[in-house]
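Here are my notes on the model, set out as numbered points for you to check against the coordinates. They begin with a residue that belongs to a strand pairing, and then move outward to the rest of the fold.

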Amino acid sequence: MRLSELVGKEIVNLTTGERLGAVGDSDLIIDESSGEIDAIILPPRGNFGGFWSDREPLIIPWDAIVKVGAEVVIMELDDTYRRTSRRFSF
């Protein structure tokens, strides 16, 4: 799958039904040796366009992606994602 195919798709968590943001607003962690996507990093959602937000970005492991559809990316991630996100360092 190409990055251009992901841009603009809304990310929805199947576990909570929450809309988390769009892929175009996010960053990707890509494995340099294989070129595969390891994770999607969603910026913190805060007040007034992200200002004054004290939350950390949400890191979604590619393994949590269930389906990439025409308009949405469906992922399944419960509250343990914070422990999973610590394995990626910046």
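1. This is a predicted model, and a convenient entry point is Val12, whose bridge partner in strand 2 is Arg19. Strand 1 and strand 2 run antiparallel and are joined by three bridges, and within that pairing Ile11 stands opposite Gly21 of strand 2.

2. Val12 also has a partner in strand 7, namely Ile74. Strand 1 pairs with strand 7 (residues 72-75) in the parallel sense, over four bridges, whereas the pairing of strand 1 with strand 2 is antiparallel. As a general point, the strands of a sheet pair through backbone hydrogen bonds, and they may do so either parallel or antiparallel.

3. These pairings belong to an open sheet of four strands, in which the order is 2-1-7-6 and the pairing is mixed. Strand 2 and strand 6 (65-68) stand at the edges with a single partner strand each, so one side of each is left without a neighbour in the sheet. From one strand to the next, the twist of this sheet averages 20°.

4. Which side chains of strand 1 are buried, and which are not? The side chains alternate along the strand: Ile11 and Asn13 point to one face and are buried, while Glu10 and Val12 point to the other face and are not buried.

5. Arg19 deserves a separate remark, as this residue forms a salt bridge with Glu10, in which the closest N and O atoms are 3.7 Å apart. For a salt bridge the cut-off is 4 Å between a side-chain nitrogen of Lys or Arg and a carboxyl oxygen of Asp or Glu, and a search of the whole structure finds one such pair. Arg19 is classed as exposed because its relative accessible area is 55%, the threshold for that class being over 50%.

6. The connection between strand 1 and strand 2 is a hairpin with five residues between the strands, and Gly17 in the turn has a positive phi of about 80°. Thr16 lies in this loop, between strand 1 (10-13) and strand 2 (19-22), and a polar atom of the Thr16 side chain is 3.2 Å from the backbone nitrogen of Glu18. Thr16 and Glu76 are separated by 60 residues in sequence, yet their C-alpha atoms are 8.5 Å apart in space.

7. Ser26 is placed in the loop between strand 2 and strand 3. Is this residue buried or exposed? Ser26 is buried, because its relative accessible area is 12% and the class requires a value under 20%. The Ser26 side chain reaches the backbone oxygen of Val23 at 2.6 Å, and, with neighbours within four places in sequence left aside, Ser26 is in contact with Ile40, Ile41, Leu42 and Pro43.

8. A further open sheet consists of three strands in the order 3-4-5, with antiparallel pairing. Its edge strands are strand 3 (27-30) and strand 5 (58-61), each of which pairs on one side only, and the twist averages 25° from one strand to the next. Strand 3 is joined to strand 4 (residues 37-42) by four bridges, with the two strands running antiparallel, and in this pairing Ile30 stands opposite Ile37 of strand 4.

Terms used:
Residues numbered from 1 in each chain as written. Predicted model: local features only at pLDDT ≥ 70, side-chain atom pairs only at ≥ 80, totals over all residues. Heavy atoms only, no water. Pairing = 2+ DSSP bridges. Axes fitted to C-alpha atoms, helices over the stretch in contact; angles between N-to-C directions. Polar contact = N/O pair within 3.5 Å; in protein donor to acceptor, adjacent residues only side chain to side chain. Buried < 20%, exposed > 50% of the residue type's maximum accessible area, 1.4 Å probe, protein only. Contact = heavy atoms within 4.5 Å.
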